[in-house]
Structures are given as structure tokens and as C-alpha cells.
Amino acid sequence: MTDEILRRTPLYALHLELGGKMVPFAGYEMPVQYPAGILKEHLHTREKAGLFDVSHMGQAFLAGDTAALERVTPADVAGLKEGMQRYGLLLTDQGTIKDDFMFSRLAGEAELYLVVNAGTKEADFAFIADRLNGAATLTPRFDRALLALQGPAAAAALERHSPGISALTFMQVKRATVAGAPAIVSRTGYTGEDGFEISLAGADADRVARALLGEAEVMPIGLGARDSLRLEAGLCLYGHDIDETTDPAQAALLWSIGKRRKEARDFPAAEKILGGAPTRKRVGIRTEGRAPAREGAEIADKSGRIIGIVTSGGFGPSLNAPVAMGYVEPACAAIGTPVDLMVRGKPLPAAIAPMPFVPHTYRR
């Protein structure tokens, strides 16, 4: 039992109307699934299009010297072109990952648009504002909603409500009108599929969501399928696969550090991150049989020595097989290395596997 007062997104009533099973998540009441169930929702997103309510995420605008954001991220902020979005990491002074986030530079606008994770948004905003030290001003926008439309039919469905939007390519972003509502639309997402994220005023969210759900290809999707989709895509979940004990080298996220930033080594703990040998590495894992290994399961080598831990694990509906990711000692991280996952005290045969488990289908 908890006395926590849970918040609700602007789509709360719609979730109930659609039969959503509501659960606490990141301080909100969110739908974990709808009557179709997680398996069908997952496969529908891979085959057609799924609509996700991600309004619990933190949205904000950064004004002033926006390049000052480089004080807290190794991403190339100053070099971001208009109309583009970029993935970044927020780093602590020790070079560990406080969060991951997305930032965008909209055409003709001086401000940057940021999206951070739901469970850490207030702390993230305070952390950024403190490090900016007045060079730029961060304005959170808790009044905004965020929808994600994901899957191979997402572009066709969205095009009917926002003509011309399908011309966007992966990581492009623009202001547009969706079903009559002003919106910020980026061609990105968290499933490995082609898709879009749509930021709009909270007051417009219900109407726009209903319009998109009116398309034959589109099904409402809950948190359960969102998690299995991102796991198959090999994408990290903050607080599980990355956190303040993890650095970008360990997490296999060095690609998110801008080339100019690598050369200048002007971000927190740059020498440690770029110059040292990581003590562990994030890897994909495929198990034999049908039993999944969950977060927290120990990873052992074939001699029985514990070499790591599973950080995300479950059943991959697209593969009809279990998948997992976790951290192991670098010497054990090569693709094909046989390991055992300790499930209920028994070794489950497995092997280190390449990620993503399901190929990304972004529109480049």
C-alpha cells in the first residue's frame, strides 16, 4: 500500500473508456495494457501502428545560450542543425548517467525543445538549471501532452491528419498541425519501428488521440508492450539498463558523444570515459528454451562464476523467444560467449547475442 497521490495525463478518461488496466508508473496512473493484451498490442505495433500515451514524460524549452547545455551532456548541442533532433545523456560530475533525453532545434526558433524521462523529470530540470547557472533559462511545460505513433503504418495514418508530415525522415522535427491542433512532430520513437512523437497542448490531446485511433491501422498500446518493444529493439530503460552507477562506455553509448566533444574532451569526466577501460559492458543475451530471465538475475560463466547481472529481460513476442540485456565483465562480452542465467537458483543456458534483437526500421 502507498499514500502516494498519483497524477493523471490528459488521456486518463480515454484510457478508462478503452478498458485500459491502470497501474502506478513514474508517479502517474498509466495503462499497462488494454483488453487486447500485451502480446497482441506488441505484434500490432510491429505489423501496423500503435498509439502510446507518453504524456508523463518531461517537456521543456531552453532559451538563452543554448550551447551551455553542453555543460551537462557530451552531445554536440551547438552543432545541431535546424529541424533536427538528437539523443543525449545527462552526466553527473563523475561521468555517470543521470538520465538520457532528446533535444531538438526547431526551424527558425532560438529555443531548444527537450524531452526527459518521466520518473526523473523534476530532478533533471533542477540539475540542468543549476549547471546552466543563468547562462540559459529552462522552462518546463507540464501543460503539454505527448503521444507516440509507432509502426510501419504510422506514416500513412498520421498523413491523413497532418498532410505532408510523412516527408520527415528519422530524427527530423517540425511544427505542424495534427487533426487541427498545433503540434511539434518528430520522426522518432522508442520501439525500433518507424514512427512519430507528437507534442501538443494537453487540452488538445484527447481529440487528437481519438482522431488517430479512428484510423483502421491504429490500436492503443500500453506500457507492457512499450517495454517489450524497446527491449527487442535493444534500447535502454533509465533506472534499469542505465543509471548513476553507469557511464557511457559501459553502456555502449559512446556513439552519443559528438565528434567535436570527443576531440575537445570538454564534458564531465571525459578522460575517465574516453581513456579508461570499462569494468563491465552492456550486452544482449539470448536464452535456450522458453523461460525468460528477469531483471536482477545473475549471469554466470560456464564454471559457475558470477560475471554480471540482467538489467532487462522478458519474452520477445516478435521472436517468439525470451531475450535479455545486462552487464558482464569485458572478457565475457564477445558475441557467442556461452553463459548461464541464474533463474530461481538454477542455471539457464544462454549466450551473448547482438542487439538489436529485432532490426530497426527507421526511415532514413
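This report walks through a sheet, a helix that lies across it, and the cavities of a predicted model.

## The sheet

Let's start with the strands. Six of them, in the order β10-β11-β12-β9-β3-β13, make an open sheet with mixed pairing. At its edges are β10 (173-178) and β13 (218-220), each of which pairs on one side only. On average, neighbouring strands in this sheet are turned by 30 degrees against each other, direction ignored.

At one edge, β10 pairs with β11 (residues 181-186) in the antiparallel sense, over 6 bridges. One of the residues to look for here is Val178, whose bridge partner in β11 is Ala181.

## The helix across it

Helix α2 (residues 38-47) lies across β3 (49-53), β9 (144-150) and β13, and runs at about 150 degrees to β13. Within α2, the residues Glu41, His42, His44, Thr45 and Arg46 are buried. The cover over the buried residues of α2 includes β2 (28-33), β3, β9, β13 and α6 (223-232).

## The cavities

A search of the whole structure turns up 3 cavities of 30 Å³ or more. The largest has a volume of about 80 Å³. Of its 13 lining residues, His15, Tyr34, Leu51, Leu213 and Pro220 are the closest to its centre. Strand β3 gives the most to this lining, with 3 residues, and the lining as a whole divides into 11 nonpolar, 1 polar and 1 charged.

The second largest cavity holds about 40 Å³ of space. Its lining includes Met30, Phe52, Ile221 and Arg226, and β2, β3 and α6 each supply at least two of the lining residues. This lining divides into 5 nonpolar, 1 polar and 2 charged residues.

Notes. Residues are numbered from 1 along each chain as its sequence is written. This is a predicted model: local features need pLDDT of at least 70, side-chain atom pairs count only at pLDDT 80 or more; totals for chains, interfaces and linings use all residues. Side-chain values use heavy atoms; hydrogens and water are left out. Two strands pair if DSSP finds at least two bridges between them. Helices (H or I, at least four residues) and strands (E, at least two) are DSSP runs, numbered from the N terminus. Axes are lines fitted to C-alpha atoms, for helices over the stretch in contact, and angles run from 0 to 180 degrees between N-to-C directions. Contact means heavy atoms within 4.5 Å. Buried means under 20% relative accessible area, exposed over 50%, partly exposed in between (1.4 Å probe, protein chains only). On a 1 Å grid over the protein atoms alone, a cavity is a set of points where a 1.4 Å probe fits but cannot get out, and a pocket is an open set with protein on both sides within 12 Å along at least five of seven lines; lining residues have an atom within 4 Å of a point. Grid points are joined across faces, edges and corners, and a volume is the space filled by probe spheres set on the points. Ala, Val, Leu, Ile, Met, Phe, Trp, Tyr, Cys and Pro count as nonpolar, Asp, Glu, Lys and Arg as charged, and the others, Gly among them, as polar.
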